[in-house]
Amino acid sequence: MRPDDTNAERPTPPRPAGGRQTQKEMERGIIVWLLVFTFGTHLIGGGIWLYIHFSGRG
């Protein structure tokens, strides 16, 4: 590969050693976890509320 060849593909840098995540992957994981937790708790809470509401106890 010549130094003036601007269309040459550059090799990607290696992943961090030890299987550690990059900051971008970690941030994405946190966002996914927060979304799952938020919607999961709303679904569970909504199901409990509907059960109490329609059972006539509330």
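**Notebook: Phe37 and its surroundings**

I began with Phe37 and found its place in helix H1, which covers residues 23-55. I note at the outset that this is a predicted model, and I read each entry below with that in mind.

Next I looked up the chain as a whole, and the protein chain turned out to have one helix and zero strands. Of the 58 residues in the protein chain, buried residues make up 0%. I also looked up the surface, where the protein chain exposes about 6100 Å², with carbon and sulfur atoms supplying 63% of that area.

Is Phe37 exposed or partly exposed? I found its relative accessibility to be 46%, and because the partly exposed class runs between 20% and 50%, Phe37 counts as partly exposed. I then checked Trp33, whose relative accessible area of 52% is over the 50% cut-off, so I entered Trp33 as exposed.

I went on to ask how many aromatic pairs there are, and the count comes to one. The pair is stacked, because the rings of Trp33 and Phe37 have their planes at 10°, under the 30 degrees cut-off, while their centres are 5.2 Å apart. Looking up where these two residues sit, I found that Trp33 and Phe37 both lie in helix H1, four residues apart, which is about one turn of the helix.

My last entry concerns the nonpolar patch on the surface, which is formed by Met26, Ile30, Trp33, Leu34 and Phe37. Together these residues have about 530 Å² of accessible area, and I note that the stacked residues Trp33 and Phe37 are among the members of this patch.

Definitions and conventions
Residues are numbered from 1 along each chain as its sequence is written. This is a predicted model: local features need pLDDT of at least 70, side-chain atom pairs count only at pLDDT 80 or more; totals for chains, interfaces and linings use all residues. Side-chain values use heavy atoms; hydrogens and water are left out. Patches are made of residues with over 30% relative accessible area and no salt bridge: like charges are joined within 9 Å, nonpolar side chains (Val, Leu, Ile, Met, Phe, Trp, Tyr) within 5 Å. Accessible areas come from the Shrake-Rupley method with a 1.4 Å probe; for residues, only the protein chains shown count as cover. A salt bridge is a side-chain nitrogen of Lys or Arg within 4 Å of a carboxyl oxygen of Asp or Glu. Buried means under 20% relative accessible area, exposed over 50%, partly exposed in between (1.4 Å probe, protein chains only). Rings of Phe, Tyr and Trp (its six-membered ring) pair if their centres lie within 6.5 Å; planes under 30 degrees apart count as stacked, over 60 as edge-to-face and the rest as tilted.
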